[in-house]
Each structure stands twice: as C-alpha cells, then as structure tokens.
Amino acid sequence: MFLQKLTNGLLFIYFLFSSFVVPLLDGQAILPIEFFPKFLVESKSNYAKENNDYLVSEKPHFFVGLIWVDILLLWPLCIANLYGIVRRKSWVKQTCLIYGVSNATGMAAILSELIRSGREGSSKLVNIYAPFMAFSIICILNGLTTTSKSSSTVGRKKRA
C-alpha cells in the first residue's frame, strides 16, 4: 500500500512535469518557432549548445517522429494519468502501462542512437535521457501490478 502511494506520487510529479515540457519544449521541433515565447526558444537553444545535444539541434527524422508520437499520444496520456491519479480511477494502471511501453520504445531508440553515435559528449546525453527510460519502466511496472481486492468482496457470492 505504501509503495503504491509512493509510486503514484512519483508518477504524479513526472506526469505534471511532462504535461508542461512536451508542448512547450518538444513542440518547438515540429511547430513554427513563432508560436512560442522568445525565452522558451532561447532556453532550448542554450540547452542544446551547453549539452551538445545534437538530437535537439539537428532534428534527425526519427527524433522528430518520436516527438510527434510524444505530442499526439503520450501528452494526452500524461493529462489523463494526472486526472486518474488525483481521482484514484481504476483505469490509471492501464494508461500507465500504455504510456510506459510507448515511451520506453522511443527512449530505446534515442538511447541506442546516443550510445552508438560515438559523438563527443554523448555519454552526458545518455545521463540526461536515461531518467526518462527509468520512469517508463516505473510506469510499466505500475501498470503490471494488480490491486488487491478488499476482504469484504472476496468471499461474497453474487445474487441474482
């Protein structure tokens, strides 16, 4: 019970963070820059320069495709999971599982690109992107766990 509450708390913080980051920062890769405030565009540009993040600056096709998946599929799931965690909905485990599997698939592609690229500073980028894979795994594990039924409903027979 405590572990489930701790997991839900961590996931709530992660989904809250993602619900703002995805449209405001990731969206800059696929939408016109004019849609975003100047300080956000500058902060993303500074991040790419400081961390030598060639994925953000060069925008390879697979990375842009993953951002589309992020915005069209994962961002709505973030918002749904936030609502579900706050309202303690029964479907949160399923949506966490969907989110985790989809995000882990994308992160596997990104991390393998970073590891195999051989570019300078790619190990630093692996350290930046790896926590997203960790949260994906937490989402998957959360989605695969079962909830225990209360003792009052286990022994009861249904009446017609």
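Is phenylalanine 135 buried, partly exposed or exposed? Phenylalanine 135 counts as partly exposed, at 22% relative accessibility. The cut-off for buried is under 20%. This is a predicted model, and the legends below go through it view by view.

**View 1. The whole chain is built from helices.** The chain has seven helices and zero strands. From the N terminus on, the order of elements is α-α-α-α-α-α-α. Along the principal axes, the C-alpha atoms fill a box of roughly 65 × 35 × 25 Å. The chain has 160 residues, and buried residues make up 34% of them. Among contacts with a separation of 6 or more, 70% are between residues 24 or more positions apart. The exposed area of the chain is about 10500 Å². Carbon and sulfur atoms supply 65% of that area.

**View 2. Tyrosine 14 pairs with tyrosine 99.** The whole structure holds six aromatic pairs. In one of them, tyrosine 14 and tyrosine 99 meet edge-to-face. Their centres lie 6.0 Å apart, with 75° between the planes. The pair links distant parts of the chain. Tyrosine 14 is in helix 1 and tyrosine 99 is in helix 5 (residues 92-117), 85 residues apart. Tyrosine 14 counts as buried at 5% relative accessibility. Tyrosine 99 is also buried, with a relative accessible area of 2%.

**View 3. Tyrosine 14 also pairs with phenylalanine 135.** The ring centres of tyrosine 14 and phenylalanine 135 are 4.6 Å apart and the planes stand at 10°, so this pair is stacked. It too joins distant parts of the chain. Tyrosine 14 sits in helix 1, phenylalanine 135 in helix 6 (residues 122-144), and 121 residues separate them. One aromatic cluster takes in Tyr14, Phe15, Tyr99, Phe132 and Phe135.

**View 4. Serine 18 is a buried residue of helix 1.** Helix 1 spans residues 2-24 and includes serine 18. Which residues does serine 18 touch, leaving aside its neighbours within four places in sequence? They are Pro23, Trp75, Cys78 and Tyr99. Tyr99 also belongs to the aromatic cluster with Tyr14. Serine 18 counts as buried because its relative accessibility is 5%, and the cut-off is under 20%.

**View 5. A nonpolar patch lies on the surface.** The patch is formed by Phe2, Leu3, Leu6 and Leu10. Together these residues have about 450 Å² of accessible area. Leucine 6 lies in helix 1. Its relative accessible area is 43%, so leucine 6 is partly exposed.

**View 6. Lysine 38 and glutamate 42 form a salt bridge within helix 2.** Side chains of opposite charge can pair when their charged atoms come close. The whole structure contains two salt bridges. In this one, the closest N and O atoms of lysine 38 and glutamate 42 are 4.0 Å apart. Both residues lie in helix 2, four residues apart, about one turn of the helix. Lysine 38 counts as exposed, at 64% relative accessibility. Glutamate 42 counts as partly exposed, at 41%.

**View 7. Arginine 119 meets both glutamate 58 and tyrosine 54.** How far apart are the closest N and O atoms in the salt bridge of glutamate 58 with arginine 119? They are 2.9 Å apart. This pair links distant parts of the chain, 61 residues apart. Glutamate 58 is in helix 3, and arginine 119 is in the loop between helix 5 and helix 6. The charged end of arginine 119 also sits over the ring of tyrosine 54, 3.9 Å from its centre. Both salt-bridge partners are partly exposed: glutamate 58 at 48% relative accessibility and arginine 119 with a relative accessible area of 38%.

**View 8. Two loop residues have positive phi.** Asparagine 52 has a phi near 55°, a positive value in a residue other than glycine. Asparagine 52 is placed in the loop between helix 2 (38-50) and helix 3 (54-58). At a relative accessible area of 41%, asparagine 52 is partly exposed. Arginine 88 is not a glycine either, yet its phi is positive, at about 55°. Arginine 88 belongs to the loop between helix 4 (61-87) and helix 5. Arginine 88 is exposed, with a relative accessible area of 74%.

Key
Residues numbered from 1 in each chain as written. Predicted model: local features only at pLDDT ≥ 70, side-chain atom pairs only at ≥ 80, totals over all residues. Heavy atoms only, no water. Buried < 20%, exposed > 50% of the residue type's maximum accessible area, 1.4 Å probe, protein only. Contact = heavy atoms within 4.5 Å. Patch = residues over 30% accessible without salt bridge, like charges linked within 9 Å, V, L, I, M, F, W, Y side chains within 5 Å. Areas by Shrake-Rupley, 256 points an atom, 1.4 Å probe, with all protein chains shown as cover. Salt bridge = Lys/Arg side-chain N within 4 Å of Asp/Glu carboxyl O. Phe/Tyr/Trp six-rings, centres within 6.5 Å; stacked < 30°, edge-to-face > 60°. Lys NZ or Arg CZ within 6 Å of the ring centre and 35° of its normal.
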